[in-house]
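Morning, everyone. I have one structure to walk you through today. Please have the sequence and the 3D view open.

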Amino acid sequence: MADKTDALLTDYYSGMIDTKILLRRSELQWQPHDDNAGIKSLNKHTRPLEDMLARYEADSILHELTKQRDAIKRLETTFSEETKQIVQMHYDRRERLSWVVISLRMNLSERTCRNYQKTFKDSVAQTFNELDIAV
């Protein structure tokens, strides 16, 4: 049964987290953000780039998505290349490979592939728990 960690890893390996980050940035970029609505100030300095960067920094959704992506990237570097390949093949929904196909491609047993995937998933869940990152 799929849980929130599985959904997060599927989004990460399918490229959805990066897409959500780009979408959120474009929403913030084009969202009207005027603190003095209806009041014209003669002394107001226009700093569109600095204002946009401040909106990026203040946005909790963008911050959470970036933390999720970066945490998985950092954790991925601690695992073997074999484990990374197995996890990527399993969670990438663009290919939708079965365990049989994954085991044949990796020249490992199906059970071993599942163990590698479960170890990685448990490690991600534990790391997110320790870092207090929302899943």
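Let's start with one pair of side chains. D6 and K121 meet in a salt bridge, at 3.2 Å from N to O. A word of caution before I go on: this is a predicted model. Now, where do the two partners sit? D6 is in helix α1, residues 4–13, and K121 is in helix α7. They are 115 residues apart, so to speak of a link between distant parts of the chain is fair. Buried or exposed, these two? Both D6 and K121 are buried. The pair also has company. D3, D6 and K121 are linked in a network of salt bridges.

How many salt bridges does a search of the whole structure find? The count is 14. I'll show two others.

Take R93 and D11. Their side chains meet in a salt bridge as well, at 2.8 Å from N to O. R93 lies in the loop between α5 and α6, while D11 is in helix α1, so this pair ties together parts that are 82 residues apart in sequence. The partners differ in how much they show. R93 is partly exposed, with a relative accessible area of 34%. D11 is buried, with a relative accessible area of 16%.

The next bridge is a local one. K84 forms a salt bridge with E81, and their closest N and O atoms are 3.6 Å apart. Both are in helix α5, three residues apart, so about one helical turn separates them. Why does that spacing suit a helix? An α-helix has 3.6 residues a turn, so residues three or four places apart point the same way. As for exposure, K84 counts as partly exposed, at 21% relative accessibility. The cut-off for buried is under 20%.

Stay with α5, and turn the view towards α7. The axes of α5 and α7 come within 9 Å and cross at roughly 90 degrees. That makes α5 roughly perpendicular to α7. Who makes the contact? From α5, we have E82, T83, I86, V87, H90 and Y91. From α7, we have C113, Y116, Q117, F120 and K121. So K121 turns up again, since α7 uses this residue in the contact. By type, the contact residues divide into six nonpolar, three polar and two charged.

Which residues of α5 are buried? They are T83, I86, V87, M89 and Y91. What covers them includes α1, α6 and α7.

That brings in α6, residues 99–106. Helix α6 packs against α7, residues 110–131, at an angle of about 100 degrees, with the axes 9 Å apart. That makes α6 roughly perpendicular to α7. The α6 side of the contact is W99, V100, I102 and S103. The α7 side is E110, C113, R114 and Q117. These residues divide into four nonpolar, two polar and two charged.

Now the inside. The largest nonpolar core has 21 residues. Which of them touch the most other members? The answer is L9, Y13, I72, F120, V124 and F128. Many helices contribute: α1, α2, α3, α4, α5 and α7 each supply at least two residues. Helix α4 gives the largest share, five residues.

Look at F128 in detail. Leaving out residues up to four places away in sequence, F128 touches L8, Q68, A71, I72, I133, A134 and V135. Apart from the largest core lies another, of seven residues. Its members include I86, L97, W99 and I102.

Last stop: two arginines. R24 lies in helix α2. Is R24 buried or exposed? It is buried, with a relative accessible area of 19%. Not counting residues up to four places away in sequence, R24 touches D59, I61 and L62.

The other arginine is R55, in helix α3. R55 is buried too, with a relative accessible area of 18%. How far is R55 from R25, C-alpha to C-alpha? They are 9.1 Å apart in space, and 30 residues apart in sequence.

To recap, keep two pictures in mind. One is the D6 and K121 salt bridge, linking helix α1 to helix α7. The other is α7 with α5 roughly perpendicular to it, and α6 roughly perpendicular to it as well. Thanks, and over to you.

Key. Residues numbered from 1 in each chain as written. Predicted model: local features only at pLDDT ≥ 70, side-chain atom pairs only at ≥ 80, totals over all residues. Heavy atoms only, no water. Axes fitted to C-alpha atoms, helices over the stretch in contact; angles between N-to-C directions. Helix = DSSP H or I, 4+ residues; strand = E, 2+ residues; numbered from the N terminus. Parallel < 35°, antiparallel > 145°, perpendicular 65-115°, else oblique. Contact = heavy atoms within 4.5 Å. Nonpolar A, V, L, I, M, F, W, Y, C, P; charged D, E, K, R; others polar. Salt bridge = Lys/Arg side-chain N within 4 Å of Asp/Glu carboxyl O. Buried < 20%, exposed > 50% of the residue type's maximum accessible area, 1.4 Å probe, protein only. Core = buried A, V, L, I, M, F, W, Y, C linked by side-chain atoms within 4.5 Å.
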